[in-house]
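Work through the exercises below with the sequence and coordinates open. Each task is followed by a solution in steps.

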Amino acid sequence: MEKELVVVIDFGGQYNQLVARRVRECNVYCEIYSYKVNLEKIKALKPKGIILTGGPASCYEEGAATCDKALFELGIPVLGLCYGAQLMNHVLGGEVKRAEVREYGKAELKVNTSSPLFQDVPEDSICWMSHFDYIAKTAPGFEIVATTKDCPVAADQCIEKNLYAIQFHPEVLHTQYGSKMLYNFVRNICGCRGDWRMDAFVEEQVKAIREKVGNGKVLCALSGGVDSSVAAVLLSKAIGNQLTCVFVDHGLLRKDEGDEVEAIFGPKGNYELNFIRVNAQQRFYVKLAGASEPETKRKIIGEEFIRVFEEEAKKIGAVDFLVQGTIYPDIVESGLGGESAVIKSHHNVGGLPDCVDFKEIIEPLRNLFKDEVRQVGLELGIPEKLVFRQPFPGPGLGVRIVGEVTEEKVRIVQEADAIYREEIAKAGLDREINQYFAALTNMRSVGVMGDERTYDYAVALRAVNTIDFMTAEASEIPWPVLHKVTSRIINEVGHVNRVLYDITSKPPGTIELE
Ligand code: XMP
């Protein structure tokens with residue numbers, strides 16, 4: 001059976017990965033391509049449908065991102081969203097103009113329920129708008145199928161040619177029936193069966209990995225994070241102890257994390273693989289002594305990590321394959337996929353491949369979004385605690401201790417963070433908040449404990465809600481929970497006499513404290 005594919009053409013809008021994720025949630029596989037992609041390439045992919053995303057430009061301006069008119073004549077259903085909707089109408093002979101005011105936020109939407117796009121969608125609902133330009137005149141052959149008070153063409157269509165345009169953002173959760181509209185497009189209009197499922201993915205990958213690896217030797221740098229853990233288990237399922245995992249404990253992990261990773265992947269754990277734990281804590285502390293500048297600290301940690309890994313790799317000798325836990329957003333963000341290239345180079349362990357003697361890289365998760373990686377993890381029977389682990393930076397607590405890192409400061413922040421996580425879980429907030437942790441400020445101040453004067457550190461608590469980790473809002477943690485965490489940290493963690501809650505959003509702040 002031919003694999004179903006929907007192509008998302010990226011015009012640089014901020015929600016583009018979200019569009020692709022929503023399509024995948026309909027069990028339809030999709031890939032993101034830049035609008036600069038060649039039409040021949042699109043044809044060769046034989047997609048069942050094409051989605052044009054939003055973007056920041058004005059389609060009528062010279063040099064604005066555009067697409068070949070022939071794209072609409074391939075006989076493949078096309079859905080344009082926001083900029084994509086305007087572009088479709090513009091290219092096909094309609095008119096797009098600048099509005100007097102930007103329409104931004106929730107709007108009351110009225111749809112024609114006889115449109116296939118709005119099947120099972122109520123006539124009245126709420127949608128999310130964000131645009132300056134608007135479709136002033138639809139392209140010939142198009143009919144209007146949705147409106148809002150300020151937007152005469154909130155959606156239009158040309159049914160004979162299977163072309164659909166939506167001015168608002170169905171991919172954003174504020175659009176009440178947005179997921180349903182996207183489902184209608186990919187499943188009903190494009191006719192996709194919906195065969196993109198994670199159990200099938202695991203089976204296919206196991207088979208593909210076995211074929212590729214043969215009797216070869218495979219090496220994996222395991223961090224204990226979600227991506228590398230899922231990649232390791234997938235490999236172990238496929239090739240058992242042809243796989244060796246090296247786990248470097250740099251002494252900057254969360255409380256007990258090193259032991260937890262060992263308990264899962266080590267000899268007493270659940271998987272068939274060779275597990276090597278390197279206890280390099282002291283090496284890292286020695287290297288970090290005296291360093292207080294954030295980028296310097298990151299560099300030291302990154303370089304030392306490579307050195308430790310290299311030593312281990314030398315002991316193992318030449319390997320055939322190196323496993324990397326690269327996931328789809330890494331590919332898109334490094335500019336290899338879509339248009340909205342935001343490069344987060346500091347999030348990768350730079351240089352790792354160079355220090356190992358290997359023939360080829362295996363990236364079994366390179367087509368998956370994070371939530372899909374988690375689903376694969378559950379399919380593989382990995383403990384939930386690990387599967388739903390929150391993001392943790394490669395340099396670990398090194399970037400959660402402002403200023404110089406010492407063993408004592410690591411202990412303080414580990415203890416405070418463990419209390420914080422325990423209380424958040426008890427309050428049932430752990431799946432609601434996307435990332436939360438304790439950090440250690442470099443501030444010491446005077447306090448009183450009993451009758452004693454103290455001069456101790458201030459711990460900062462951070463908790464954020466975010467979709468893409470590029471922007472974030474501070475979470476509104478209930479006061480009693482913050483109270484409990486504060487009093488426990490003060491009472492149970494030595495050398496802390498103050499707890500602060502950081503409510504800065506990103507931007508202007510970052511998520512991590514340093
Ligand atoms: P910031 O602090 O840049 O963080 O707002 C955004 C997300 O990235 C994580 N982060 C890192 N991850 N190495 C990593 O692997 C790093 O150096 C690093 N710095 C930040 C951070 O935890 C958040 O999820």
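The exercises treat a predicted model and go from a helix to the ligand and then to single residues.

**Exercise 1. Helix α13**

Task: Compare the span of α13 with its expected span, and state which elements its buried residues pack against.

Solution.
Step 1. Helix α13 covers residues 407–426, which is 20 residues.
Step 2. From first C-alpha to last, α13 reaches 29 Å, close to the 28 Å expected at 1.5 Å a residue.
Step 3. The buried residues of α13 include K409, I412, V413, A416, Y420 and I424.
Step 4. The buried residues of α13 pack against two helices, α8 (281–288) and α14 (479–492), and against the strands β15 (435–449), β16 (452–465) and β18 (496–501).
Step 5. After α13 comes G428, with a positive phi near 75 degrees.

**Exercise 2. The ligand shell**

Task: Which residues come nearest to the ligand, and which atoms of the protein lie at 2.7 Å or 2.8 Å from its oxygen atoms?

Solution.
Step 1. There are 13 residues around the ligand, and G394, Q435, K506, I511 and E512 come nearest.
Step 2. For G394, a backbone N or O atom is 2.8 Å from a ligand oxygen atom.
Step 3. For Q435, the atom is an N or O of the side chain, 2.7 Å from an oxygen atom of the ligand.
Step 4. For I511, a polar backbone atom is 2.7 Å from an oxygen atom of the ligand.
Step 5. On its own the ligand has 490 Å² of accessible area, and the protein covers 90% of it.
Step 6. Sorted by class, the shell holds five nonpolar, five polar and three charged residues.

**Exercise 3. Two residues of β16**

Task: Decide whether R462 and Y457 are buried or exposed, and list what each touches.

Solution.
Step 1. R462 is in strand β16.
Step 2. The relative accessibility of R462 is 2%, so R462 counts as buried; the cut-off for buried is under 20%.
Step 3. The R462 side chain reaches the backbone oxygen of T510 at 2.8 Å.
Step 4. Leaving out residues up to four places away in sequence, R462 touches Y420, Q435, Y436, F437, Y501, D502, I503, T504, T510 and I511. Among these contacts, Y420 is a buried residue of α13, while Q435 and I511 are among the residues that come nearest to the ligand.
Step 5. Y457 is also placed in strand β16. Its relative accessibility is 13%, so Y457 counts as buried.
Step 6. With the same sequence neighbours left out, Y457 touches K409, I412, L440, T441, M443, R444, H495, V496, N497 and R498. K409 and I412 are among the buried residues of α13.
Step 7. Y457 and K409 are 48 residues apart along the chain, and their C-alpha atoms are separated by 9.4 Å.

**Exercise 4. Backbone geometry**

Task: Find where cis peptide bonds join K506, P507 and P508, and where K46 and N162 take a positive phi.

Solution.
Step 1. K506 and P507 are joined by a cis peptide bond with omega about -15 degrees.
Step 2. P507 and P508 are joined by a cis peptide bond with omega about 10 degrees.
Step 3. P507 lies in the segment after β18, and P508 has its place in that segment as well. K506 is one of the residues that come nearest to the ligand.
Step 4. K46 is not a glycine, yet its phi is positive, near 50 degrees. K46 sits in the loop between α2 (39–45) and β3 (49–52). Its relative accessibility is 55%, so K46 counts as exposed.
Step 5. N162, likewise not a glycine, has a positive phi of about 60 degrees. N162 sits in the loop between β8 (155–158) and β9 (163–166). At 24% relative accessibility, N162 counts as partly exposed.

**Exercise 5. H131**

Task: Which polar atoms does the side chain of H131 reach, and is H131 buried or exposed?

Solution.
Step 1. H131 belongs to strand β6 (residues 124–137).
Step 2. Its relative accessibility is 7%, so H131 counts as buried.
Step 3. The side chains of H131 and E103 make a polar contact at 2.6 Å.
Step 4. A polar atom of the H131 side chain lies 2.6 Å from the backbone oxygen of D133.
Step 5. Apart from neighbours within four places in sequence, H131 is in contact with C82, Q86, R102, E103, C151 and Q167.

Definitions and conventions. Residues numbered from 1 in each chain as written. Predicted model: local features only at pLDDT ≥ 70, side-chain atom pairs only at ≥ 80, totals over all residues. Heavy atoms only, no water. Helix = DSSP H or I, 4+ residues; strand = E, 2+ residues; numbered from the N terminus. Expected span 1.5 Å × (residues − 1). Buried < 20%, exposed > 50% of the residue type's maximum accessible area, 1.4 Å probe, protein only. Contact = heavy atoms within 4.5 Å. Near = heavy atom within 4 Å. Polar contact = N/O pair within 3.5 Å; in protein donor to acceptor, adjacent residues only side chain to side chain. Areas by Shrake-Rupley, 256 points an atom, 1.4 Å probe, with all protein chains shown as cover. Nonpolar A, V, L, I, M, F, W, Y, C, P; charged D, E, K, R; others polar.
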